Amino acid sequence: MSRQVRAGRIFPRRVLVLAGLVAVATTVAACGGSAVREAEGGGDEGPVKLGVLVPLSGVYAPLGEDMNQGFDLYLDEHDGKLGGREVELVTVDEGEGPQTAVPAAEKLIRQDRVAAVTGVVSSAVALGVTDLFNESKVPLVISNAGADDLTGEASSDYVWRTSFANSEPNAAFGPYVADQVGDGGVYVIAADYAAGKEAMGGFKETFEAAGGKVAGEQYTPFGETQDFQPYLNAIQRSGAEAVYCFYAGAEAVAFVKQYKQFGLADELPLYSAGFLTEGGALDAQGDAALGINTSLHYAPDLDNPTNERFSATYQDRFDEEPTTYAVASYDAAAVLDQALGSIDGAVTGEAIAAALGEAGEVDSPRGTWRFSETHNPIQTYYLREVRKQGDGYTNAVVRELEG
Ligand code: PHB
């Protein structure tokens with residue numbers, strides 16, 4: 001990648017760019033809404049300005065870092081260009097929720113006048129910013145947040161997703177867990193916000209349809225729960241024979257470590273969508289995560305030629321295994337590459353959204369996929385298991401899940 005792009009990501013150059021834009025932004029505001037839609041660098045030539053909205057702080061900051069790495073790697077492999085055009089990235093902090101993310105997204109659209117935005121980890125944020133993108137006609141290519149409705153009932157022309165919908169990895173896992181647990185009940189526990197609720201909803205639907213029984217249910221305050229002991233006590237008292245959960249990032253580390261310390265790991269198998277044991281969370285959990293089975297659409301050892309190359313390059317470059325967050329962001333760059341490459345003329349939000357609608361197959365490390373009618377990837381989910389690998393740990397693919 002050109003240093004220029006990376007420098008744009010790591011503040012000094014970006015600050016200069018923004019300082020230069022203050023006057024422009026004021027004019028834009030004074031001229032009213034329509035001027036907002038003319039993206040910077042939106043002509044036929046010259047760099048295209050793209051916004052990156054990821055957590056640089058809070059519970060999900062490590063996920064944001066993986067997403068930045070995935071996007072950077074794609075740009076590196078394509079001479080810093082997407083669709084043959086130079087790219088300038090403006091990265092802003094999503095933080096832990098809409099309070100941080102909405103003003104950051106507004107700044108990208110109104111002040112930086114980006115042509116499109118990618119990123120967004122949290123479902124609460126995604127639900128809070130999509131109206132802004134639809135109204136401004138700036139495409140948002142979500143590379144994590146799974147809020148079901150965004151590519152379901154509330155799907156829209158300007159919102160695309162390269163990751164997953166929250167219910168999917170969990171619905172894919174329900175019948176398997178029902179089969180493993182047999183007559184015993186499963187306790188479900190999750191972070192108390194849209195993603196945790198939808199994850200548990202997706203799981204319970206297929207788990208119960210397959211004959212599984214729920215022994216208890218609990219939602220823990222998101223971003224505020226450090227001590228899970230009262231919840232672990234309740235799980236123990238419930239008589240459940242297994243636990244199904246949704247946690248990611250720093251909460252996943254705390255939950256898995258405390259689950260082990262409390263003694264539950266040796267008694268009740270813990271199941272979850274794969275975010276629980278992904279990337280930096282798994283490194284921090286260490287032995288406490290050994291043997292945990294999860295469901296996800298990616299694992300570093302997935303057997304396909306694109307992943308073999310990607311996984312090796314990523315490890316060379318960042319000295320760690322790639323994660324689902326990095327892959328979804330790598331793929332966001334890939335679909336923007338396809339879209340920008342097919343635009344003949346001015347790069348406007350409308351043109352990018354229309355071009356995304358024509359995107360073909362994406363040759364991804366997770367295996368080839370394409371967008372559904374409602375802009376979500378059509379993809380396969382896998383059963384994974386946490387195993388030791390050298391001095392570290394990995395999520396190894398066991399087999400495909402039937403769903
Ligand atoms: C979400 O809020 O949609 C979300 C956050 C973190 C994950 C997965 C989903 O790892």
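This is a guided tour of the model, stop by stop, with something to select at each one.

**Before you click**

You are looking at a predicted model, in which local features need pLDDT of at least 70 and side-chain atom pairs count only at pLDDT 80 or more, while totals for chains, interfaces and linings use all residues. Residues are numbered from 1 along each chain as its sequence is written, and side-chain values use heavy atoms, with hydrogens and water left out.

**The whole chain**

Start with everything in cartoon view. The protein chain has 14 helices and 15 strands; these are DSSP runs numbered from the N terminus, with helices being H or I of at least four residues and strands being E of at least two. Of the 403 residues, 57% are buried, where buried means under 20% relative accessible area, exposed over 50%, and partly exposed in between (1.4 Å probe, protein chains only).

Switch on the surface if you like: the chain exposes about 15,400 Å², with carbon and sulfur atoms supplying 47% of that. Areas here come from the Shrake-Rupley method with a 1.4 Å probe, and for residues only the protein chains shown count as cover. As for contacts (heavy atoms within 4.5 Å), residues 24 or more positions apart account for 70% of those with a separation of 6 or more.

**Stop 1: the six-stranded sheet**

Select β1 to β6. These six strands make an open sheet in the order β2-β3-β1-β4-β5-β6, with mixed pairing. Which strands stand at the edges? They are β2 (81-82) and β6 (159-161), each with a single partner strand, so one side of each has no neighbour in the sheet. Two strands count as paired if DSSP finds at least two bridges between them.

Zoom in on the β2 edge. β2 and β3 (residues 85-93) run antiparallel and are joined by two bridges. Show side chains here and you'll find lysine 81 opposite glutamate 86 of β3.

Now move to β4 (residues 116-119). Both of its faces are covered: Ala116 and Thr118 on one side, Val117 and Gly119 on the other, are all buried. On one flank, β1 (residues 48-54) runs parallel to β4 and is joined to it by four bridges. β5 (residues 140-142) is also parallel to β4, pairing with it over three bridges. Click valine 117 to see both links: glycine 51 stands opposite it, and leucine 140 is its bridge partner in β5.

**Stop 2: a helix pair**

Select α4 (residues 61-77) and α13 (residues 324-341). They pack at an angle of about 40°, with their axes 7 Å apart. Axes are lines fitted to C-alpha atoms, for helices over the stretch in contact, and angles run from 0 to 180 degrees between N-to-C directions. That makes α4 and α13 oblique to each other; under 35 degrees would be roughly parallel, over 145 roughly antiparallel, and 65 to 115 roughly perpendicular, with the rest oblique. To see the contact, show side chains including Leu63, Met67, Phe71 and Tyr74 of α4, and Tyr325, Tyr330 and Leu336 of α13.

**Stop 3: the seven-stranded sheet**

Next, select the open sheet ordered β8-β7-β9-β10-β11-β14-β15, another with mixed pairing. Its edges are β8 and β15 (392-400), each with a single partner strand, so one side of each is left without a neighbour in the sheet. From one strand to the next, the twist averages 25°.

At one end, β14 (residues 382-389) and β15 pair antiparallel over eight bridges; pick arginine 387 and look for its partner, threonine 394. Then add two helices. α8 (residues 194-209) lies across β7 (185-191), β8 and β9 (242-246), at about 160° to β7. α9 (residues 229-238) also touches β7, β8 and β9, and its direction makes about 165° with that of β7.

**Stop 4: three single residues**

- Threonine 220, in β8 (residues 213-220), is buried at 0% relative accessible area. Its contacts beyond four places in sequence include Ile189, Asp192, Phe228 and Tyr247.
- Leucine 296, in β11 (residues 293-296), is also buried, at 0%. It touches Phe275, Thr324 and Tyr382, among others more than four places away in sequence.
- Glutamine 261, in α10 (residues 249-261), is exposed at 62%. Measure C-alpha to C-alpha across to glutamine 229, 32 residues away in sequence, and you should get 9.8 Å.
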